[in-house]
Amino acid sequence: YLGRGGRRVGFGDVIQCLRAFDLLPAIFFLKSRVDCDRAVFSCYPSEKPYELKERLRREVNSFLQRFPHLERNRQIRPLLSCMVGSHHAGQLPYWKVLIEELMNKGYLDAIFSTSTVAAGVNFPARTVVLVQSDRFTGREFADLTATELQQMTGRAGRRGKDNIGFAVILPGLHQDPQLIHRLRGSPPE
């Protein structure tokens, strides 16, 4: 994702921008499980109050006591310091449960997920961020459909908290703004 002057903009920069405009928490929809896992390591430590970070640490430690096999998960450090998580079908089930619980309790600024979460888990997010207008089908990349776009953008806005939700379309090599515009007004398939 390129910013002004062609400089590469990372997810940490995007999260800081969303924070400045009070658009967190956010769900970032990425193309692959690997991208989701890498994204958590590109974020900056959160500037949230110490007390909130301590509550998060206690919550995570309590969970890990019940499920000690997760203690060595590589993503614990960014989870605690950056307050972000990765969630996709390739992760251990109880890791996904932890991320779901933390997001539902308002501890996380962002999660990085594949589009499959759009149809399933309840993640209360104010904003969704789309980084591409296609998705991997298991064999090839195909343009998003109107239904898929509606499922993803429909995740924006927390029930009982937000009057509206926001969808942010990040520019990039795999983003087709005309397709997004066309799908936005199309009926579901």
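User: Which exposed residues does the face of α7 turned away from its buried side carry?

Analyst: Good place to start! That face of α7 carries Q178, H181, R182 and R184, which are exposed. Keep in mind that you are looking at a predicted model.

User: What makes R184 count as exposed?

Analyst: Its relative accessible area is 60%, and exposed means over 50%. R184 lies in helix α7. If you compare it with K31, the two are 153 residues apart in sequence, and their C-alpha atoms are 20 Å apart in space.

User: And which residues of α7 are buried?

Analyst: Here is the general idea. An α-helix has 3.6 residues a turn, so residues three or four places apart point the same way. In α7, the buried residues are L179, I180 and L183. They sit on the same side of α7 because they cover an arc of only 100° around the axis.

User: What do the buried residues of α7 pack against?

Analyst: They pack against β6, α6 and β7 (166-169).

User: Let me try α6 next. Which of its residues are buried?

Analyst: Helix α6 spans residues 146-153, and its buried residues are A146, E148, L149 and M152. They cover an arc of only 165° around the axis, which means that they lie on the same side of α6. Their packing partners are β1 (26-29), β4 (127-130), β5 (134-136), β6 (141-143) and α7 (177-184).

User: How should I read a nonpolar core, and which residues touch the most other members of the largest one?

Analyst: In soluble globular proteins, nonpolar side chains tend to be buried together. In this model, the largest nonpolar core has 33 residues, and L79 and L102 touch the most other members. Elements giving two or more residues to this core are β1, α3 (50-66), α4 (76-82), α5 (93-104), β4, α6 and α7. Another core, of 20 residues, lies apart from it, with V14, V40, F112 and V131 among its members.

User: What does L102 touch, leaving out residues up to four places away in sequence?

Analyst: L102 then touches L56, E59, V60, L79, Y107 and L108.

User: Now the backbone. Which residues have a positive phi, and where is the cis peptide bond?

Analyst: Most residues other than glycine have a negative phi, and most peptide bonds are trans. Look at the loop between α1 and β1, where D22 is found. Phi of D22 is near 55°, a positive value. P25 is found in that loop too, and a cis peptide bond with omega of about 5° joins L24 and P25. A positive phi also turns up at M83, near 60°. M83 is found in the loop between α4 and β2 (84-87).

User: Is M83 buried or exposed?

Analyst: M83 is buried, because its relative accessible area is 0% and buried means under 20%.

User: One last feature: how many cavities of 30 Å³ or more does a search of the whole structure find?

Analyst: The idea is that a cavity is a space where a probe fits but cannot get out. The search finds 1 cavity of 30 Å³ or more, with a volume of about 80 Å³. Helix α1 (residues 11-20) gives the largest share of its lining, 4 residues. The lining includes G12, I15, Q16, R19, Y44, C82 and D109. By type, the lining divides into 6 nonpolar, 3 polar and 3 charged residues.

Conventions
Residues numbered from 1 in each chain as written. Predicted model: local features only at pLDDT ≥ 70, side-chain atom pairs only at ≥ 80, totals over all residues. Heavy atoms only, no water. 1 Å grid on protein atoms, 1.4 Å probe; cavity = no way out; pocket = protein on both sides within 12 Å on 5 of 7 lines; lining within 4 Å. Points joined across faces, edges and corners; volume = space filled by probe spheres on them. Nonpolar A, V, L, I, M, F, W, Y, C, P; charged D, E, K, R; others polar. Buried < 20%, exposed > 50% of the residue type's maximum accessible area, 1.4 Å probe, protein only. Arc of directions from axis to C-beta. Contact = heavy atoms within 4.5 Å. Core = buried A, V, L, I, M, F, W, Y, C linked by side-chain atoms within 4.5 Å.
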